[in-house]
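Please read the following report alongside the sequence and the coordinates. It takes up surface, fold, charge pairs and patches in turn.

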Amino acid sequence: MKRVFGVKKDKEPPPSIQDSSDRINKRGETVDEKIKKLDAELARYKEQIKNTRPGPAQEAVKSRAMRVLKQKRMYEGQRDMLYNQTFNLDQVAFASEGIKDAQQTVSALKSANKELKGMMKTVKIQDIDNLQDEMMDLMDVSSEIQETLGRSYSVPDDIDEEDLMGELDALEADMAMETESDGVPSYLQPDKEPDLDSELNLPSAPTGHAAPAGRGNNQAEDELGLPAVPRASLRG
């Protein structure tokens, strides 16, 4: 049967946009090379026309130049057509890449949506609200505990803050006056020893050897001005 009907051939895959674009670009490069050769030939004919006298020879050169110019115009038209085809293929490739990107984006969004729905099933808004309320209560209790522990036992509750501020201002004023007068505040100056004699008003110790009134001048006195105690004479 295979000999009679033959074997079915596998269809070749259609060319991709990139393959078509590469093939057209190669054709465009070939056309550009031909146009460059024709430009060089036209430049040579132009020099010949300048150097040739008017006549049959110049007309023959002009006819060859016209033929080359027609070929150049034909190749330029083909090149423009190939450029347009390449531009169209680039637009199609850009649109195709955009659709592929959109498909990948949609697929990623679907996967993320499914995963997010599964995660949302384990999270309840009511549980979050209750947790927030409990945290607020705990923070209030903690603030009360800190305030209670920070109380001062020796400070009464009926202290007037305005009176304290007045005393503080007066103290600052006194300190400023002492600093201006002495240069050093009184609380920073060294303590002075009190004069006990002046505070007790005691009489000063006698310094002379004169005898007090009513006593004889022949009575001996000691170094303090008091009557001397008589000493017994020692006999040998």
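The protein exposes about 21700 Å², and carbon and sulfur atoms supply 56% of that area. These values, like every value below, were computed from a predicted model. Of the 236 residues in the protein, buried ones make up 9%.

The secondary structure comes to 6 helices and 0 strands, so that the order of elements, read from the N terminus on, is α-α-α-α-α-α. When the contacts with a separation of 6 or more are considered, residues 24 or more positions apart account for 52% of them.

**Contacts and salt bridges between helices α2 and α3**

Helix α2 covers residues 17-51, and helix α3 covers residues 56-120. One residue of the latter helix, Thr-86, is buried, with a relative accessible area of 11%, a value that falls under the 20% cut-off for that class. Once its neighbours within four places in sequence are left aside, Thr-86 is in contact with Ser-21, Ile-24 and Asn-25.

A search of the whole structure finds 3 salt bridges, which are listed here with their N to O distances.

| Salt bridge | N to O distance |
|---|---|
| Arg-79 and Asp-32 | 3.4 Å |
| Lys-72 and Asp-39 | 2.7 Å |
| Lys-72 and Glu-76 | 4.0 Å |

In the pair of Arg-79 and Asp-32, the side chains meet at 3.4 Å, N to O. Because Arg-79 belongs to helix α3 and Asp-32 to helix α2, this pair ties together parts that are 47 residues apart in sequence. Arg-79 itself is partly exposed, its relative accessible area being 22%.

For the salt bridge between Lys-72 and Asp-39, the closest N and O atoms are 2.7 Å apart. Here Lys-72 lies in helix α3 and Asp-39 in helix α2, so the pair ties together parts that are 33 residues apart in sequence. Lys-72 counts as buried at 18% relative accessibility, whereas Asp-39, at 32%, counts as partly exposed.

Lys-72 also forms a salt bridge with Glu-76, with the closest N and O atoms 4.0 Å apart; both of these residues lie in helix α3, 4 residues apart, which is about one turn of the helix. Through salt bridges that share partners, Asp-39, Lys-72 and Glu-76 are joined into one network.

Glu-76 can also be placed relative to Lys-34, since the two residues are 42 residues apart in sequence and 9.6 Å apart in space, C-alpha to C-alpha. Lys-34 is found in helix α2 and is partly exposed, with a relative accessible area of 37%.

**Surface patches**

Which residues gather in a patch of negative charge on the surface? They are Asp-127, Asp-129, Asp-133, Glu-134, Asp-137, Asp-140, Glu-144 and Glu-147. Asp-140, one of this group, lies in helix α4, which spans residues 125-149, and its relative accessible area of 47% makes Asp-140 partly exposed.

A patch of another kind, nonpolar and of about 310 Å², is made on the surface by Leu-116, Met-119 and Met-120. Leu-116 lies in helix α3 and is partly exposed, with a relative accessible area of 47%.

Technical notes:
Residues are numbered from 1 along each chain as its sequence is written. This is a predicted model: local features need pLDDT of at least 70, side-chain atom pairs count only at pLDDT 80 or more; totals for chains, interfaces and linings use all residues. Side-chain values use heavy atoms; hydrogens and water are left out. Patches are made of residues with over 30% relative accessible area and no salt bridge: like charges are joined within 9 Å, nonpolar side chains (Val, Leu, Ile, Met, Phe, Trp, Tyr) within 5 Å. Accessible areas come from the Shrake-Rupley method with a 1.4 Å probe; for residues, only the protein chains shown count as cover. Lys and Arg count as positive and Asp and Glu as negative; His and the chain ends are not counted. The place of a charge is taken as NZ of Lys, CZ of Arg, CG of Asp or CD of Glu. Helices (H or I, at least four residues) and strands (E, at least two) are DSSP runs, numbered from the N terminus. Buried means under 20% relative accessible area, exposed over 50%, partly exposed in between (1.4 Å probe, protein chains only). Contact means heavy atoms within 4.5 Å.
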